[in-house]
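Here is a short tour for anyone who likes to look at coordinates before setting up a calculation. Please have the viewer open and follow along.

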Amino acid sequence: MQERASIPFRTGLATGLAIVAAGPSRAALLGAPEQGQVGFLPANSPVASDIQWLHNAILLPVTVGISLLVLFLLAYVVFRFNENAHPTPTRTTHNGPLEIAWTVLPALVLVIVAVPSFRLLTQQLVIPEPELTIKATASQWHWTYAYPKTAGGFSYDSIVKEDKDLAPGDIRLLSVDNAAYVPVGKVVEIDVVSQDVIHSFSIPSFGVKIDAVPGRLNKAWFKAGQEGVFYGQCSNICGIDHAFMPIEFHVVSQQVYDAWLEKAKKAFASAGGADLAAAAPSARAPLKP
Ligand SMILES: [Cu+2]
């Protein structure tokens, strides 16, 4: 069983800086939520690290600061200007410098948030030259992964394990029968599409979350710095089994990936190859919650 990476709940500027400075530790990570967890899953891609940095170093201080300031102003007004403390109200209606300040300062806060936000958005959307491209096709209610011709050109369905099929180390409602494998340290592009309704492909540890829309190819990318198992879920309500189409990605060394590729080529070659159009949704009764 994978050892769980313990991510204690720490917030604020210090954490944001620490994440950026230290980077991930060397142990294999488990990108799955823990019971009672508060905070992010371990970041295992540049985009995920930067998302967490934006949250911890920029958004959290800004929201906490503004909340405290408003709380202070409210309390000040309540105690300083109540009828007992201040029986004769002032007739002041305008204050030029104050009005300029409360217009300029919020605008500055918006700029402080906007600059790293747009940088992050660009980082997510401008995809570096991929070393592996996987096509993820959503169906009600599972994912189909297709590997390119250069990797053997095969595709297979990835379906949630039912409770009776769970092996030791599996995670209920997250483990699947056929996980996707990617090599560590490589730029992986995920091409996401749907063959019925709108789904959403999401793996928090990779900072990937993108809609799967019929007739439209959406793209996302990640570069996993560490080996481990990383889970995600369909994140767009897509029907009765929406909660039962998890995503399981194994980040492994190049040798393990090559070995898996050899096995997968043989195992999935007979199951429809890379012809996604012919890959029918697997016949399966909806799971009961
Ligand atoms: Cu879905």
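The report below goes through a metal site, some salt bridges and a sheet.

## The copper site

Keep in mind that this is a predicted model. Which protein atoms hold the copper ion? The donors are ND1 of His-199, the SG atoms of Cys-234 and Cys-238, and SD of Met-245, at 2.0 to 2.6 Å from the metal. Along the chain, these donors follow the spacing H-x34-C-x3-C-x6-M.

The geometry is tetrahedral, with angles of 92 to 126 degrees among the four donor atoms. For reference, the ideal angle for four tetrahedral donors is 109.5 degrees. Two of the donors, Cys-234 and Met-245, are both buried.

## Salt bridges

How many salt bridges does a search of the whole structure find? There are five, and three of them are worth a visit here. As background, side chains of opposite charge can pair when their charged atoms come close.

Lys-161 and Asp-170 meet through their side chains at 2.7 Å, N to O. Asp-170 counts as partly exposed because its relative accessibility is 24%, where the buried class ends at under 20%. Another bridge joins Arg-172 to Asp-163, with 3.0 Å between the closest N and O atoms. Arg-172 has a relative accessible area of 46%, so this residue is partly exposed. Asp-163 falls into the partly exposed class too, at 45% relative accessibility.

The side chains of Lys-219 and Glu-189 form a salt bridge at 3.5 Å, N to O. This pair links distant parts of the chain: Lys-219 sits in strand 9 (residues 218–223) and Glu-189 in strand 6 (residues 187–194), 30 residues apart. Is each partner buried or partly exposed? Lys-219 is partly exposed, at 39% relative accessibility, whereas Glu-189 is buried, at 8%.

## The five-stranded sheet

Strands 6 and 9 also belong to an open sheet of five strands, whose order is 4-3-2-6-9 and whose pairing is mixed. Strand 4 (155–158) and strand 9 are the edge strands, each pairing on one side only. From one strand to the next, the twist averages 25 degrees.

Within the sheet, strand 2 (residues 132–139) and strand 3 (residues 142–146) run antiparallel and are joined by five bridges. To find your place in the viewer, look for Lys-135, which stands opposite Ala-146 in strand 3.

Terms used
Residues numbered from 1 in each chain as written. Predicted model: local features only at pLDDT ≥ 70, side-chain atom pairs only at ≥ 80, totals over all residues. Heavy atoms only, no water. Donors = N, O, S within 2.8 Å, 3.2 Å for Na, K, Ca; no water. Tetrahedral: all angles 85-135°; square planar, octahedral: opposite > 155°, others 65-115°. Buried < 20%, exposed > 50% of the residue type's maximum accessible area, 1.4 Å probe, protein only. Salt bridge = Lys/Arg side-chain N within 4 Å of Asp/Glu carboxyl O. Helix = DSSP H or I, 4+ residues; strand = E, 2+ residues; numbered from the N terminus. Pairing = 2+ DSSP bridges. Axes fitted to C-alpha atoms, helices over the stretch in contact; angles between N-to-C directions.
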